[in-house]
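This report describes a single protein chain, moving from one residue to the fold as a whole. The sequence and the structure are shown first.

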Amino acid sequence: MNKHELRARLIDLNVLESAYCLEGGLPSESYTLAEEAGRWQVYYSERGQRSSLVEFDDESSACLHLLGLVEGDRTTRRR
């Protein structure tokens, strides 16, 4: 899975756009996917901080991890 496929899956799941960011950075209260120095990172961004940071060697593993986090958090869905 790549981040374009992940985005399509998140849309299919009716996930709020504000609940995730696939472009890195420190968005407010978002599950975030970032690529830095050839490694992929997944973390929760809140108040300008990264928490629960996990690093991966490949995009697919990182995307699947982020998808699992979002699927497990019911607050990310539209009501």
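Ala-34 has a relative accessibility of 5%, below the 20% cut-off, and therefore counts as buried. The model in which this value was computed is a predicted one. Ala-34 belongs to strand β2. Leaving out residues up to four places away in sequence, Ala-34 touches Gly-24, Arg-39, Trp-40, Gln-41 and Tyr-43. With respect to Ser-51, the separation of Ala-34 is 17 residues along the sequence and 13 Å in space between C-alpha atoms.

The strand that holds Ala-34 is part of a wider arrangement. Two helices and four strands constitute the secondary structure of the chain. Read from the N terminus, their order is α-β-β-β-β-α. The radius of gyration of the chain is 11 Å, close to the 12 Å that the globule rule gives for 79 residues, so the chain is as compact as a globular protein of that length. Along the principal axes, the C-alpha atoms fill a box of roughly 35 × 30 × 20 Å.

Values for the whole chain are collected below.

| Property of the chain | Value |
|---|---|
| Buried residues, as a share of the 79 residues | 34% |
| Contacts joining residues at least 24 apart, among those between residues at least 6 apart in sequence | 35% |
| Exposed area | about 4800 Å² |
| Share of the exposed area from carbon and sulfur atoms | 45% |
| Distance between the centres of the positive and the negative side chains | 7 Å |

The charged side chains comprise 10 positive and 14 negative ones.

Attention now turns to the interior. In soluble globular proteins, nonpolar side chains tend to be buried together. In this chain, the largest nonpolar core consists of 16 residues, and those with the most contacts inside it are Leu-6, Leu-10, Leu-33 and Leu-66. At least two residues of this core come from each of α1 (3-12), β2 (30-36), β3 (39-46) and α2 (59-71). The element that gives the most to the core is α2, with five residues.

Which residues are in contact with Leu-6, leaving aside its neighbours within four places in sequence? They are Met-1, Leu-22, Leu-33, Cys-63, Leu-66 and Leu-67. Two of these partners, Leu-33 and Leu-66, are themselves among the residues with the most contacts inside the core.

How values were computed:
Residues are numbered from 1 along each chain as its sequence is written. This is a predicted model: local features need pLDDT of at least 70, side-chain atom pairs count only at pLDDT 80 or more; totals for chains, interfaces and linings use all residues. Side-chain values use heavy atoms; hydrogens and water are left out. The radius of gyration is taken over C-alpha atoms; the globule rule is 2.2 Å times the number of residues to the power 0.38. Buried means under 20% relative accessible area, exposed over 50%, partly exposed in between (1.4 Å probe, protein chains only). Contact means heavy atoms within 4.5 Å. Accessible areas come from the Shrake-Rupley method with a 1.4 Å probe; for residues, only the protein chains shown count as cover. Lys and Arg count as positive and Asp and Glu as negative; His and the chain ends are not counted. The place of a charge is taken as NZ of Lys, CZ of Arg, CG of Asp or CD of Glu. A nonpolar core is a set of buried Ala, Val, Leu, Ile, Met, Phe, Trp, Tyr and Cys residues joined through side-chain atoms within 4.5 Å.
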